[in-house]
Amino acid sequence: MKGNATLTLPAPAKLNRMLHIVGKRPDGYHELQTLFQFLEHGDTLHFRLRDDDAITLSPQLDGVSAEDNLIVRAARLLQGTVGQPLPGVDIALEKRLPMGGGLGGGSSNAATTLLALDHLWQLNLDTDTLATLGLTLGADVPVFVRGFAAWGEGVGERLVPAPLDTPWFVVVHPGVSVSTAGVFGHPQLTRDTPLISMSRALQGGHNDCEAVVRRLEPGIGEVIDLLRQHGPAMLTGTGACVFCPIEEEAAALELEREILYGIARHAYPDRWSVFGARGCNISPLHQALNRLRVSSSTGVS
Ligand SMILES: C[C@](O)(CO)[C@H](O)COP(=O)(O)OP(=O)(O)OC[C@H]1O[C@@H](n2ccc(N)nc2=O)[C@H](O)[C@@H]1O
Ligand SMILES: Nc1ncnc2c1ncn2[C@@H]1O[C@H](COP(=O)(O)OP(=O)(O)OP(=O)(O)O)[C@@H](O)[C@H]1O
């Protein structure tokens, strides 16, 4: 292990291209069928090994203590699992993903931390082990650890690769939030959507959370209605973000500009934010790790 070794890696967003709730487990968690895809947009994490065994994170996130931050929790979890002394690490987070937006930012941060420290600490744990560890931190961590666009079942931990189309997406955050537990606990949530096959889901699905989310936060419904004028817009996860697939980059960036302009001239609420990004079936995290492996095996950096 090289002293003060450093590593910078992305923590991309995910979208749920459809999300069906097909049952409820005895422990209260809901059984899902979902299609996960990554975006070429997200947070960036920088890691630097320390001379002592401390784990630090900067900057802190508003409303999340360091102890609760999924980055620190992932680092401690891995450190505790290995059972041998390991150097500490300073972690710097460049946060771009809105928190609680349904883009899986916290889960993605946790997965990037697990894979980065597995690399820096030279643990060579297998992906199944890292995904199982990740699942204890959040239901969405395994898909970010595995890094392929996937058909997800169970609580999203049973994953098989899904050959999704990769359009551009315009993603709007309505500037309001809904609690994931609040949506899943809502008496009017549909919980009995019939099981379907992945190939059927690839032809189009819906998000079962939409009706309840519209009721809880009508402002999110307004974003869905606006984006549906441009394409088959959908909520990701339990919201609050709404995405609209757009085939061509130029058209997606044009719609992004139109919405930004609407916000600037107060046609839309100024709490809205928007970005455009391409979808991808191999996570940008794994693309970066693959480049790292190639450059270290060829000596090219
Ligand atoms: C809806 C998705 O975004 C789809 O990708 C995820 O399944 C949500 O995953 P997450 O944000 O990591 O959610 P967690 O933090 O694990 O769960 C928050 C709360 O939502 C409820 N919950 C969550 C996931 C699930 N499949 N069933 C549930 O009932 C539980 O009450 C849980 O206490
Ligand atoms: N590093 C982190 N980044 C973001 N949120 C974090 C982090 N660590 C802990 N959290 C907590 O996790 C909560 C959910 O954050 P996240 O951004 O993952 O939500 P989300 O995009 O709705 O996720 P999902 O789609 O999995 O429901 C936050 O409100 C915050 O309290």
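**Exercise 1.** How many Å apart do the end C-alpha atoms of residues 203–258 lie, and what percentage of the span is helix and what percentage strand?

*Solution.* The structure is a predicted model. Begin with the record: an unreviewed UniProt entry gives residues 203–258 the annotation "domain: GHMP kinase C-terminal". Next, take the two end C-alpha atoms of this span; they lie 29 Å apart. Last, the span is 48% helix and 12% strand.

**Exercise 2.** Find Val 22 and decide whether it is buried, partly exposed or exposed.

*Solution.* First, locate the residue: Val 22 belongs to strand β1, residues 6–24. Second, count its C-beta neighbours inside 10 Å, which gives 17. Third, apply the cut-offs: 20 or more means buried, and 12 or fewer means exposed. Val 22 therefore counts as partly exposed.

**Exercise 3.** Which residues does Val 22 touch, not counting those up to four places away in sequence?

*Solution.* The list is Glu 31, Leu 32, Gln 33, Thr 193 and Leu 195. Then consider Arg 191: its C-alpha is 5.5 Å from that of Val 22, although 169 residues separate the two in sequence.

**Exercise 4.** Describe the largest nonpolar core and explain where it lies with respect to the domains.

*Solution.* Start with its size: this core has 79 residues. Among those with the most contacts inside it are Ile 71, Phe 169 and Val 170. Strand β2 (residues 30–49) gives the most to the core, with 7 residues. Domain 1 (6–163) and domain 2 (168–280) both contribute residues, so the core lies between them. Finally, look at Val 170: beyond its neighbours within four places in sequence, its contacts include Leu 227, Phe 243 and Gly 276.

Notes:
Residues are numbered from 1 along each chain as its sequence is written. Chains are lettered from A and ligands numbered from 1 in the order in which they are written. This is a predicted model: local features need pLDDT of at least 70, side-chain atom pairs count only at pLDDT 80 or more; totals for chains, interfaces and linings use all residues. A nonpolar core is a set of buried Ala, Val, Leu, Ile, Met, Phe, Trp, Tyr and Cys residues joined through C-beta atoms within 7 Å. Helices (H or I, at least four residues) and strands (E, at least two) are DSSP runs, numbered from the N terminus. Domain bounds come from an automatic or database domain assignment. Two residues are in contact if their C-beta atoms, placed from the backbone, lie within 7 Å. UniProt positions are given in the numbering used here, feature names are shortened, and annotations may be inferred rather than shown by experiment.
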